Amino acid sequence: MRWHVDPLGDFYNCDETTVVYFDRMSGDTHLLGEFAAYLLQSLATQTMDTPQLIARLSQGIDAIDLADLERTVPEMLNELLALDVIDQLD
């Protein structure tokens, strides 16, 4: 399955570990972690499937952290899907 964001909403950084995200399509505002915001921004530039996204994010990280990334990305994508801020494409 591929993931996509269209159109990307607006981000407001609170200079903390959270980011305020305004979804222009729904008019909803969400409080996201920095990692979730980074995923949204990555998907807004290019539609990717989960392995492609993990490969893109894994550049420059230690091999020991790869297992955490492979676990965290699908979980975060499902959370963003539940918030209706990303689309799942077949």
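Begin at the crossing of helices H1 and H2, which in this predicted model is right-handed. Select residues 34-45 for H1 and residues 50-58 for H2, and the two axes will be seen to come within 11 Å and to cross at roughly 115°. H1 and H2 are therefore roughly perpendicular to each other. To see where they meet, show the side chains of Phe35, Tyr38, Leu39, Ser42, Leu43 and Thr45 on H1, together with Leu53, Arg56 and Leu57 on H2, since these residues make the contact. Sorted by class, the contact of H1 with H2 holds six nonpolar, two polar and one charged residues.

**Along H1**

Keep H1 selected and follow the helix from end to end: H1 has twelve residues, and the distance from its first C-alpha to its last is 17 Å, close to the 16 Å expected at 1.5 Å a residue. Colouring Ala36, Ala37, Leu39, Leu40, Ser42 and Leu43 will pick out residues of H1 that are buried.

Two further residues of this helix are worth a stop, and one of them is glutamate 34, which has its place in H1. Glutamate 34 counts as partly exposed, at 46% relative accessibility. If neighbours within four places in sequence are set aside, glutamate 34 is in contact with Glu16, Thr17 and Val19. A distance drawn between the C-alpha atoms of glutamate 34 and asparagine 13 gives 8.9 Å, although the two residues are 21 residues apart along the chain.

The other stop is alanine 44, which also lies in helix H1 and is partly exposed, with a relative accessible area of 32%. Which residues does alanine 44 contact, leaving aside its neighbours within four places in sequence? Select Val5 and Leu8, for these are the residues in contact with alanine 44 once those neighbours are left out. The C-alpha atoms of alanine 44 and valine 5 are separated by 5.0 Å, while along the chain the two lie 39 residues apart.

**On to H3**

Now add residues 63-82, which form helix H3, and compare their axis with that of H2: the two axes come within 10 Å and cross at roughly 130°. That makes H2 oblique to H3, and the crossing of H2 and H3 is right-handed. On the H2 side, the contact is made by Thr50, Leu53, Ile54, Leu57 and Ser58, and on the H3 side by Leu66, Leu69, Glu70, Val73, Pro74 and Leu77. Divided by class, the residues of the contact of H2 with H3 are eight nonpolar, two polar and one charged.

Next, hide H2 and look at H1 against H3, whose axes come within 10 Å and cross at roughly 80°. That makes H1 roughly perpendicular to H3. The residues to display here are Phe35, Ala36, Leu39, Leu40 and Leu43 of H1, and Leu69, Thr72, Val73, Met76, Leu77 and Leu80 of H3, which make the contact. By class, the contact of H1 with H3 has ten nonpolar and one polar residues, with no charged ones.

**Into the strands**

Turn to strand S3, residues 18-22, and select valine 19, which is found there. Is valine 19 buried or exposed? Valine 19 is buried, with a relative accessible area of 8%. Not counting residues up to four places away in sequence, valine 19 touches Phe11, Tyr12, His30, Leu31, Leu32, Glu34 and Ala37. For one of these, alanine 37, the C-alpha atom is separated from that of valine 19 by 7.0 Å, with the two positions 18 residues apart along the chain.

From valine 19, step across to its contact partner His30, which lies in strand S4, residues 29-33. Histidine 30 counts as buried, at 12% relative accessibility. Leaving aside neighbours within four places in sequence, histidine 30 is in contact with Val19, Val20, Tyr21, Leu83 and Val85.

**A last stop in a loop**

Finish at aspartate 84, which lies in the loop between H3 and strand S6 (87-89). Aspartate 84 is exposed, with a relative accessible area of 53%. Most residues other than glycine have a negative phi. At aspartate 84, however, phi is near 65°, a positive value in a residue other than glycine.

Conventions
Residues are numbered from 1 along each chain as its sequence is written. This is a predicted model: local features need pLDDT of at least 70, side-chain atom pairs count only at pLDDT 80 or more; totals for chains, interfaces and linings use all residues. Side-chain values use heavy atoms; hydrogens and water are left out. Axes are lines fitted to C-alpha atoms, for helices over the stretch in contact, and angles run from 0 to 180 degrees between N-to-C directions. Helices (H or I, at least four residues) and strands (E, at least two) are DSSP runs, numbered from the N terminus. Angles under 35 degrees count as roughly parallel, over 145 as roughly antiparallel, 65 to 115 as roughly perpendicular and the rest as oblique. A crossing is left-handed if the near helix is turned anticlockwise from the far one by less than a right angle, and right-handed if clockwise. Contact means heavy atoms within 4.5 Å. Ala, Val, Leu, Ile, Met, Phe, Trp, Tyr, Cys and Pro count as nonpolar, Asp, Glu, Lys and Arg as charged, and the others, Gly among them, as polar. The expected span of a helix is 1.5 Å times one less than its number of residues. Buried means under 20% relative accessible area, exposed over 50%, partly exposed in between (1.4 Å probe, protein chains only).
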